[in-house]
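Me: Please take a close look at a single part of this structure for someone who has not seen it before. Explain the terms as they come up.

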Amino acid sequence: MKKIHLTTIAILGIVVLSNAQTQVGNFSPKNIVGGIGQILTISGNGFGNQQGTNFISFIQESATYMDASQGRALKYISWIDAKIEVEMPCAFSGKIHVNIGGIDYISNDTLQVKANLQNRTVNPLDYTYLTDQNKKGGYTWYIHRQFWEIPAAKDAIEAVFKEFRCKTGVNYILANEPSDAALTLSDNINLIAPDATLSSVGYCYSLWNNCIVGSIKFYQTKSMDVGMSTKEDWYFGNGKVPNGKAKFRYVLMHELGHSLGLGHVNEIGQTMYPSVTNLPSNNWSERDSITTEEKLAISHFVKLSQDFTFRGCGISPLSKISNCEYVYGLGSGTENVYKIRQFNIFPNPCNGNFKIEMDNSITNLVNIEIYSLVGRKILTIPNIKQQNPIEINLAELPKGTYLAKINTRETVYTERIIIQ
């Protein structure tokens, strides 16, 4: 049964009833990314020349359509009788519903949402931003010792980090030592670790906090953990997955996608499809790279995290990376050689007392920090210009391996210290 929308028009005191059939016609684009500000244009007729209480509704991950309050909260660019322009929110692929006077009018074609960038608010779009958490420009991730000591697992993690760094420019680096830390967000250690408690193949959890300056509330990601199930028979290689195994690289790519703001989509072939093992995902999990739409969404988020102007609570934006292929954070292989000429740590191994000797060319030293392998800061030594070498006493610490981080204004050098 066709729905008839009745419009009342007053002309020179005469009331005229006009029968206008409401219909949802074409829309553009057909493929879209939710949550990054792309505009969806819907053509048709009978929408009315003002939005009023009318709204558009998209299907959500819950498999239900947006209700009236959610639909009205979207950012509408324009609303006239034959065309509506709306900023695309996070949504699943599906038919578009245009609600006029409490009645849903449904598109014939299906809108394909290829990627979603999750947000805190839709009007205006606002996010939980990535910041300079490690004071080196971004986030340092630790590989748990159990994965670190499996060369194929370590290679897989490095490959996935290289993929995200080179495709999106995100300042994620790997610590150059393994961690024995537990999977807990409260320790502020970003960790990739096995998890024996999982009922799924993997997860990504994040901890956020906010800073309020005046009327502005800024949200940032404070720490993240990725757990990978120990119940899976992992295949650490690339390409096609052998029968009966789960692909470690693909699951990690999915979970790190969440850490970079991506939400799920119901589009076949996308990395952020909710299932990452078994069918239908086995049909495309041999792919070892993120899709074009996922790259677009993450790159948009990375740029926002690099360009925000908020300053408060010690928050700084992400820094750009100089060499995407070096996942441990140095600019190039020659930088390691140059480091040896600039700094000398001796004796090493030591009994807890050692010295750091600096080349006379070092004029931009900020400080020296000592860390445990799980990322706990033990000591900070400010720039003491009159001391060279700088003497450090860690004799009270247990025997083991520690990290000395030498911070200059341009970069950070890391050296391993062994206390015997």
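The second largest pocket

Reply: Strand E16 (202–213), strand E17 (216–229) and helix H4 each contribute at least two residues to the lining of the second largest pocket, helices (at least four residues) and strands (at least two) being DSSP runs numbered from the N terminus. The model is a predicted one, in which local features need pLDDT of at least 70 and side-chain atom pairs count only at pLDDT 80 or more, while totals for chains, interfaces and linings use all residues. Residues are numbered from 1 along each chain as its sequence is written, and side-chain values use heavy atoms, without hydrogens or water.

E16 gives the largest share of this lining, with 4 residues. The second largest pocket holds about 340 Å³ of space (a pocket is an open set of points on a 1 Å grid where a 1.4 Å probe fits, with protein on both sides within 12 Å along at least five of seven lines, and lining residues have an atom within 4 Å of a point). Its lining counts 15 residues, and those closest to the centre of the pocket are Gln118, Thr128, Ser206, His258 and Gly261. By character, the lining of this pocket splits into 6 nonpolar, 8 polar and 1 charged residues, with Gly counted as polar.

Helix H4 (residues 248–259), one of the elements that line this pocket, also meets helix H3: Phe248, Arg249, Leu252, Met253, Leu256 and Gly257 of H4 touch Ala153, Asp155, Ala156, Ile157, Ala159, Val160, Phe161 and Phe164 of H3, contact meaning heavy atoms within 4.5 Å. The residues of this contact of H3 with H4 comprise 11 nonpolar, 1 polar and 2 charged.

Definitions and conventions: Axes fitted to C-alpha atoms, helices over the stretch in contact; angles between N-to-C directions. Points joined across faces, edges and corners; volume = space filled by probe spheres on them.
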